[in-house]
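Please look over the structure shown here, and then follow the questions and answers below.

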Amino acid sequence: MRASLVLVIAIALAGCGDATLASGDGPDRAADAATLDVGTPDPDASPPDTAAPDPDADASPPDPDVSPPDPDASPPDPDAAAPDATPPEPAPPDPAPPEPAPPADDCPRVRVSGTGDDGLNVRPDPSTARPPVGHLAEGAVAAVTGVVEGEAIRGDTTWFAIERGDLAGFVSGVFVACLPPGGPDDDEFLLPLACGSRVRISQGNDGAYSHNGRSRFAFDFSIGLDTPLLAMRAGRVAYRRGDVRPGDRCYSGGGPDCAAEVNYVVVEHADGTQTQYAHMNRVDVDRDERVERGQHLGLSGGTGYSTGPHAHVARQRPCGGPFCESIPLSFADVPGDGVPATGDVVVSANGCP
Ligand SMILES: [Zn+2]
């Protein structure tokens, strides 16, 4: 997770998407890149804005594609201003984009990563000089049709030729992550949140608050009330409870005596292990129902023994009841070892096209 956090912080400091980078001059850009690469603060000290629980907060920076601050549209940019300012000068024909090399076998698709809420511009050629031809949201997945050298973005000249639906163009390699062929294997777990959701881990494994003993391998996600929860892997609903309702003593913020008064779903997988989703506000699946990975299970809440709305998930071996001793769980959409730590910010690929 450290590398991805550095990237997230770098984005937070630098602005958003590739658009920001077009406004700086060369030396400053190089200096920024050097600073960000070398002098990034420890991820544990990440600024609170990366940990904002609500990714849809109104305070988020405007979309670079539609907002005035888009550097591509700003007058000082000689590339953008030239056609309007010098009408008699016939515009040179658009340079043909370099011929992309075929994609590498291990990178048939990419996922937009590290752009926050702003997403990523898709360009007509591998540079920021011309206006975007489209936009990909954070977490979106696109097919790679080629790899090409282009404008250096933070010292990285790699651009990907991509296709997604009717959209085709180029994206900087700085803001995408390669996905392995075939997507995640069926026996892998993905984060229990909608595609592109960017969420902070409020308590990881061995957490001091409550993830110890039987719950030592659990994860808490910092999310608000009624956030959709998705199945981390396909399976069958082994247990579920959804009758803790508003007005009940243990509906939200209950103490240890509320541990048993909680809404939850437990899904049993093909390998016999189970995953639990706890503190839910609403449960939308029935017992014995078959669920696919990415399928909606219900909405988050703060029922049971809980400080407030969040999602608690853990993997376990069956023990004859809904809550058993936890076992290690790793996520295919979390970089590195797949085990996010307390304070890490993760981006879900669950349910992505
Ligand atoms: Zn927990």
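Q: Does Val110 count as buried or exposed?
A: This is a predicted model, and the answer rests on how many C-beta atoms surround the residue. A residue is buried if 20 or more other C-beta atoms lie within 10 Å of its own. Because Val110 has 24 C-beta neighbours inside 10 Å, Val110 counts as buried.

Q: In which strand is Val110 found, and to which strand do four bridges join that strand?
A: Val110 is found in strand β1, which covers residues 109-112. Within this strand, Arg109 stands opposite Leu179, a residue of β7. The C-alpha atoms of Val110 and Leu179 are separated by 5.4 Å, although the two residues are 69 residues apart along the chain. The four bridges run between antiparallel strands, and they join β1 to β7.

Q: Which strands are the edge strands of the open sheet of five strands?
A: The strands of this open sheet, with antiparallel pairing, follow the order β6-β5-β4-β1-β7. An edge strand here pairs on one side only. That description fits the strand at 167-172 and the strand at 176-179, which are β6 and β7.

Q: What does the twist average from one strand to the next in this sheet?
A: The sheet in question is the open one with the order β6-β5-β4-β1-β7. From one of its strands to the next, the twist averages 40 degrees.

Q: Where does the largest nonpolar core lie with respect to domain 1 and domain 2?
A: This core holds 61 residues, and those that touch the most other members are Phe160, Ile162, Val171, Val265, Tyr277 and Met280. Leaving aside neighbours within four places in sequence, Phe160 is in contact with residues including Val110, Val144 and Val171. Domain 1 (2-65 + 97-179) and domain 2 (198-347) both give residues to the core, so the core lies between them.

Q: Which residues of strand β9 are buried on each of its faces?
A: Strand β9 covers residues 219-222, and both of its faces are covered. On one side the buried residues are Phe219 and Phe221, and on the other they are Asp220 and Ser222.

Q: Which residue of β19 stands opposite Asp220?
A: Strand β9 is joined by three bridges to β8 (residues 198-203), in the antiparallel sense, and there Ile201 has Phe221 as its bridge partner. Strand β9 also pairs with β19 (residues 311-316), again antiparallel and over three bridges. In that second pairing, the residue opposite Asp220 is His312.

Definitions and conventions. Residues are numbered from 1 along each chain as its sequence is written. This is a predicted model: local features need pLDDT of at least 70, side-chain atom pairs count only at pLDDT 80 or more; totals for chains, interfaces and linings use all residues. Two strands pair if DSSP finds at least two bridges between them. Helices (H or I, at least four residues) and strands (E, at least two) are DSSP runs, numbered from the N terminus. Axes are lines fitted to C-alpha atoms, for helices over the stretch in contact, and angles run from 0 to 180 degrees between N-to-C directions. A nonpolar core is a set of buried Ala, Val, Leu, Ile, Met, Phe, Trp, Tyr and Cys residues joined through C-beta atoms within 7 Å. A residue is buried if 20 or more other C-beta atoms lie within 10 Å of its own, exposed if 12 or fewer, and partly exposed in between; C-beta atoms are placed from the backbone. Domain bounds come from an automatic or database domain assignment. Two residues are in contact if their C-beta atoms, placed from the backbone, lie within 7 Å.
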